[in-house]
Each structure stands twice: as C-alpha cells, then as structure tokens.
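Here is a walk through one protein model, going from helix packing to sheets to metal sites. Keep the structure open beside the text as you read.

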Amino acid sequence: MLTNAPRGTKDILPDAVGAWTHVEHVIRDLCARYGYGEIRTPMFEHTELFQRGIGDGTDVVDKEMYTFSDRGDRSLTLRPENTASAVRAYLQNKLYADGGLQKLFYIGSMFRYDRPQAGRMREFHQFGVEALGEESPALDAEVILLAYDFLTALGLTGLTLKLNSVGCPACRPVYRERLQAYFKEYLPTLCDDCKDRYTRSPLRILDCKRDAEQPFMAGAPAITDCLCPACTEHFEQVQQHLTAAGVSYELDPRLVRGLDYYTRTAFEIAYPPLGAQSAVAGGGRYDGLVEELGG
Ligand SMILES: [Zn+2]
Ligand SMILES: [Zn+2]
C-alpha cells in the first residue's frame, strides 16, 4: 500500500522526463509564435466554479470530480479541466481591461475520477489554450490549427479532424425538441444515464458510449439541419478558413463533447494508431461562459 501510488496516477521517472520537457518546449515555442501567453491557475477551485462552468448534469461534474471539504468547511474541487479556471482568472484579474483579444495557454495536471485504462489516468496532463474577446470564425480556425500544428510538430501523422457546430441559445432549443421527439419511442431501450439525459440534456445521448451501437442512433436528427442563419454562416466560415490553411476535416454532426459550455464550433483531433482512445485533442467555442461565471 505505502509503496503504491494511488490508482490512476503514475510517476514520471528520470529516463522519461526528457520526452516530457521536449513536449513542453514544443508547446512554448508554438504558443509564442501564435501569440499566447502562459497562465498558471490553482490546482483546486471552489466546487461551484465547475458546477456552473462545466455544468451540472455532465459526467465530469456528476461522476468524475475530486471534491472535498477543507478544514474550514468550504467545498473545493481538484480541477478536472482548465477552461473554467482560466475564465475565472480572466475575470478576477480583469484581463479584459486591455481590450481586445486575450490569448492564454497552460500546461498542467488535471484530475478526474474515471476508470483507469490505456491513455486515461485519474491525474492526467493537459496542454490547452483559451482565446477570449473575439467572435470571428477565423479565431476558431486558428485554435484548431494550433492544435494541429502542435501534434504535427511532435511527429504525429495521419491525424483526423472532426468538426461540428453545436449551435447557440437561439437554435439549440429547436434541436433539443427534435431530439426528444425522435428518442421518445426508444426511451425504454436507452441506458439509465440517457433516460436522465433525455430531459436534462438530450444532446448528450449522442455522446453515450453505452448506447453508441443502438440501431436507431444513426437516424437521429443532425444539429446542422437546425442551425440558425448566424450559426450556419459562422460554421461555413470556419470551414473556409481551414480549407484555405490546407487542413482537411470531416463533418461529424454527432460530435457534441461532454461539456455544457460549448457554443457553435466543436472539434476533435484523433490519432488513429491509438485505437479506442485515439482522441488526442478537442475543444470548442464558449460564447456564454464568461457571462455564466458572472462577467
Ligand atoms: Zn444559432
Ligand atoms: Zn446511454
């Protein structure tokens, strides 16, 4: 017991550290070229930040957080991701006061109580970027390109990029209703989690690993048929920028990502040789998050 690290954690030993620092150098070089500045936020935050930011009802918040009371009876949580913290820091430190675009990056440990398996640890290491204060679809494309350039700089080839738009508060309710109408007759055969998602967040049924192989999944309506004109226009422009930059992508109307804060663009990059856990990067736009967190 005393000689074993907790399940889902791992030591990085001297003979592996060289590879880690190499990756970190690549990140810092790349972010300097793209104009992103490094930020280091606390390992733990008030639990409410993640409940509000990531969203109650997501797997991350409901099942995977390391939440504890400190000796002063405050509920704190080890960060399961860094976006909510970065936005909190942006607001608290008034980084918006300079006006215009703020571009931030971070490298660090994140924590999720997940079943440990290949490529998935309870303490895992994430590099991420956040770009705040600009609505242009060119910025969405830039963030995706940065992720692509990073993985390519590490020598990964044959990457696949999946792209979707998850809409906005104007058009997503229409899609929610269409999904609920579609899944109504299949409700008894959905897993227990999805029975709950059906009311709370039907989009997440599309993301369910247990129901992924159900025959009716393929026929579910696609969000791209419900987007409002502004979201359609934004999505088309993101695609045009990616094409102009020479990046090929595949549209995937089922890509919803497991976090509540995404609006419009969502993407995922996979490295197929990794097999079942091949997704190595992902992200999206979050136009409502700053306001959700009080800014
Ligand atoms: Zn919309
Ligand atoms: Zn399910």
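A crossing is called left-handed if the near helix is turned anticlockwise from the far one by less than a right angle, and right-handed if clockwise. Keep that in mind for the helix pair below, and keep in mind too that this is a predicted model.

**Helix 1 against helix 5**

Two packed helices are described by the angle between their axes and the distance between the axes. Here, helix 1 (residues 14-34) packs with helix 5 at about 145 degrees, and the two axes are 10 Å apart. By the definition above, helix 1 passes helix 5 in a right-handed crossing. Which residues meet? On the helix 1 side they are V23, V26, I27, L30 and Y34, and on the helix 5 side E142, L145, L146, D149, F150 and A153. An α-helix has 3.6 residues a turn, so residues three or four places apart point the same way.

**Two sheets, with helix 5 on both**

Let's take the three-stranded sheet and then the four-stranded one. The three-stranded sheet is open, with strand order 1-5-6 and mixed pairing. Strand 1 (37-38) and strand 6 (123-132) each have a single partner strand, so they stand at the edges with one side left without a neighbour in the sheet. Strand 5 (residues 102-111) runs antiparallel to strand 6, and ten bridges join them. If you want a register mark, G108 has Q126 in strand 6 as its bridge partner. Helix 4 (residues 83-92) packs on this sheet, touching strand 5 and strand 6, with its direction at about 45 degrees to that of strand 6. Helix 5 also packs on the sheet and touches strand 5 and strand 6, but its direction makes about 145 degrees with that of strand 6.

The other sheet is open too, with four strands in the order 8-7-9-10 and mixed pairing. Its edge strands are strand 8 (250-251) and strand 10 (279-285), each paired on one side only. Strand 7 (residues 160-165) and strand 9 (residues 263-270) are antiparallel partners over six bridges, and S165 stands opposite T265 in strand 9. Helix 5 (residues 137-153) turns up again here: it lies across strand 7, strand 9 and strand 10, at about 10 degrees to strand 9.

**Helix 4 and its cover**

How many of the ten residues of helix 4 are buried? Nine of them are, so the helix is largely enclosed by the rest of the structure. The buried ones are T83, A84, S85, A86, V87, R88, A89, Y90 and L91. Their cover includes strand 2 (44-46), helix 2 (47-55), strand 5, strand 6 and helix 9 (289-292). Just after the helix, K94 takes a positive phi of about 50 degrees.

**Two zinc sites**

Next come the metals, set side by side.

| Site | Donors | Distance | Angles | Spacing |
|---|---|---|---|---|
| zinc ion (ligand 1) | C168 (SG), C171 (SG), C228 (SG), C231 (SG) | 2.3 Å | 101 to 117 degrees | C-x2-C-x56-C-x2-C |
| zinc ion (ligand 2) | C191 (SG), C194 (SG), C208 (SG), D211 (OD) | 2.1 to 2.3 Å | 100 to 118 degrees | C-x2-C-x13-C-x2-D |

The site of the zinc ion (ligand 2) is tetrahedral because its four donor atoms subtend angles of 100 to 118 degrees. Two of its donors link distant parts of the chain: C194 sits in helix 7 (residues 192-200), and D211, 17 residues away, in the loop between helix 7 and helix 8 (229-244). Both C194 and D211 are buried.

The site of the zinc ion (ligand 1) is tetrahedral as well. Are its donors C228 and C231 buried or exposed? C228 counts as buried because its relative accessibility is 17%, under the 20% cut-off. C231 is buried with a relative accessible area of 1%.

**Two single residues**

T77, in strand 4 (residues 75-78), is buried with a relative accessible area of 0%. Beyond its sequence neighbours within four places, T77 contacts M43, F44, E45, T47, F50, M65, Y66 and T67.

P253 belongs to the loop between strand 8 and strand 9, and at 27% relative accessibility it counts as partly exposed. Not counting residues up to four places away in sequence, P253 touches N164, A222, I223 and T224. P253 and A86 are 167 residues apart in sequence, and their C-alpha atoms are 28 Å apart in space.

Note on methods
Residues numbered from 1 in each chain as written. Chains lettered and ligands numbered in written order. Predicted model: local features only at pLDDT ≥ 70, side-chain atom pairs only at ≥ 80, totals over all residues. Heavy atoms only, no water. Donors = N, O, S within 2.8 Å, 3.2 Å for Na, K, Ca; no water. Tetrahedral: all angles 85-135°; square planar, octahedral: opposite > 155°, others 65-115°. Buried < 20%, exposed > 50% of the residue type's maximum accessible area, 1.4 Å probe, protein only. Pairing = 2+ DSSP bridges. Contact = heavy atoms within 4.5 Å. Axes fitted to C-alpha atoms, helices over the stretch in contact; angles between N-to-C directions.
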